[in-house]
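Work through the exercises below with the structure open. Try each task before reading its solution.

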Amino acid sequence: MLRLLLLLLSLTDQRAILTEFSDFLAIPNLASDAPNIARNAAAIQAMFEKRGVKTKLLTLDNAPPIVIVDVPSRGATRTIAFYAHYDGQPVDPKQWQTPPWRPVMRDAAGNDVDWRNATTLDPEWRLYARSSGDDKAPIIAMAAALDALRKSGHAPNVNLRFVFEGEEEAGSPHLGDYLAKYPDVLRPDAWILCDGPVQQSRRMQLVFGARGVVDAELTVYGPAKGLHDGHYGNWVPNPIIRLTHLIDSMRDETGRILIAHFYDEVKPSSAAEHDAIAKMPPVESDLKREFGIASTESENLNQSLLLPALNVRGIQSGHIGAQASNTIQTEATASLDFRVVPAETPESIKKLVEQHIESQGYTIIRTTPDAATRLAHPKIAKLTWGAGYPPARTSLDLPLSQQIAALMTTAGHPPVRVPTLGGSIPMYLFQQPSNTPVLILPIANHDDNQHAANENIRLQNLWDGIDVYVALFEGLN
Ligand SMILES: [Zn+2]
């Protein structure tokens with residue numbers, strides 16, 4: 001029977017953690033700042049090597065290194081990887097109360113506190129610095145969790161591997177290349193991505209997926225030159241009307257996509273996903289008030305995120321108000337994005353969208369039509385696609401998924417289980433090519449000013465994060 005270590009950090013422990021963390025936060029960490037990125041990577045290596053664990057750097061030309069920390073367990077056959085990133089978002093120092101890379105502790109009222117000499121550390125105090133929440137907190141918390149585990153005399157039952165990326169905030173441009181170049185290191189049995197914030201309710205969350213995304217620009221055409229709509233309306237096609245009808249043919253007002261076969265590939269949601277959603281704190285009525293909307297397209301927000309979506313990001317043609325003119329415009333453009341869910345991919349839905357547009361009588365082109373093209377086809381749609389990427393989803397029913405939730409619960413942090421993020425992050429990279437389980441377990445406070453000025457970590461979130469890592473390092477098997 002598993003007996004979990006009850007974590008009690010003494011004041012001395014807490015001070016030591018914060019001292020080490022402050023030094024780490026004092027190193028500027030823009031992905032493009034190669035010398036400082038190298039200092040960060042070296043600081044992480046030193047942080048773990050001083051604890052007697054092996055580290056190494058994975059490198060690619062002109063890319064920040066990935067720092068690998070290996071904590072092997074004798075006789076273990078499984079390796080669980082914990083991911084975080086050590087780079088941070090760009091800063092505008094003018095907007096910061098104090099310089100972004102000079103860590104400062106403040107109390108809940110916003111007053112600076114001298115934490116180094118304080119006799120207690122209030123868990124509501126916050127440490128302010130770039131990346132204090134996003135995403136250096138998990139790195140120091142993992143190091144502190146190793147210490148706590150050692151002190152308890154317990155040891156992990158699985159091989160632990162920490163993977164620290166240095167250009168997440170720059171869009172992870174080399175992550176795919178790294179995964180391809182170092183499959184032996186970067187294909188563990190499972191990934192736990194430690195990034196992002198906990199729930200707004202301050203409860204921890206465990207996220208099992210993210211929708212994929214692909215965007216498109218769609219232009220339809222009217223006459224080659226703008227025309228008087230009194231002289232020519234009802235005879236010359238109006239591109240704005242064509243575009244709105246085309247969009248109407250693709251999606252209804254409940255969010256249902258009307259494109260043939262669009263749901264064929266959508267995997268039905270599982271009983272566990274429904275159960276998790278039913279247990280999520282309801283947010284709908286608060287959000288309706290906040291957003292000033294009396295009705296919604298569908299009933300349950302999180303339920304709707306399990307489905308694909310077609311969003312119209314913008315429409316452009318002609319003018320309104322004082323600039324309006326009685327003109328039949330030459331063209332109208334819509335910017336669209338599709339959120340996709342397993343097992344759809346950008347490629348699979350592109351085909352369906354194009355078939356649909358053609359079924360509405362359009363000829364699809366990729367560049368602006370010349371006169372001959374205009375005369376050759378009754379209806380023309382110029383369609384250009386962004387690259388996009390696929391969705392990822394890990395089953396809530398996997399033994400690992402259940403075990404992580406159970407360990408967090410035993411450690412006093414029962415997670416809100418979130419089957420999928422509505423937004424898109426490239427989780428699929430970690431999941432490929434063999435459907436490796438990937439979960440997201442954030443520790444930072446939701447109000448940590450992530451990506452903005454005055455980023456901070458609330459001390460209780462740091463302590464809770466250490467708690468949960470200890471529970472996982474000890475209990476995963
Ligand atoms: Zn992050």
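**Exercise 1.** Describe how α3 passes α15, giving the handedness of the crossing.

*Solution.* The model is predicted. In it, α3 crosses α15 in a right-handed sense. Next, locate the two helices: α3 covers residues 137–152 and α15 covers residues 459–475. Their axes lie 8 Å apart, at an angle of about 55°. Angles of 65 to 115 degrees would count as roughly perpendicular, and those under 35 degrees as roughly parallel. The α3–α15 pair is therefore oblique.

**Exercise 2.** List the residues through which α3 and α15 make contact, then sort them by character.

*Solution.* Start with α3. It contributes Ala137, Pro138, Ala141, Met142, Ala144, Ala145, Ala148 and Leu149. Now take α15. Its side consists of Leu462, Gly465, Ile466, Tyr469, Val470, Phe473 and Glu474. Sorting them gives 13 nonpolar, 1 polar and 1 charged. Gly counts as polar in this scheme, and Glu as charged.

**Exercise 3.** Work out the strand order of the open sheet that contains β20, and name its edge strands.

*Solution.* The sheet has 3 strands, ordered β4-β5-β20, with antiparallel pairing. β4 (104–106) and β20 (456–458) are the edges, each paired on one side only. From one strand to the next, the twist averages 25°. Look at the β5–β20 pair: 3 bridges join β5 (residues 126–128) to β20. In one of these strands, β20, Asn456 is the bridge partner of Tyr128.

**Exercise 4.** Which strands does α15 lie across?

*Solution.* α15 lies across β5 and β20. Relative to β20, the helix α15 runs at about 70°.

Definitions and conventions
Residues numbered from 1 in each chain as written. Predicted model: local features only at pLDDT ≥ 70, side-chain atom pairs only at ≥ 80, totals over all residues. Axes fitted to C-alpha atoms, helices over the stretch in contact; angles between N-to-C directions. Helix = DSSP H or I, 4+ residues; strand = E, 2+ residues; numbered from the N terminus. Parallel < 35°, antiparallel > 145°, perpendicular 65-115°, else oblique. Left-handed = near helix turned anticlockwise from the far one by under 90°. Contact = placed C-beta atoms within 7 Å. Pairing = 2+ DSSP bridges.
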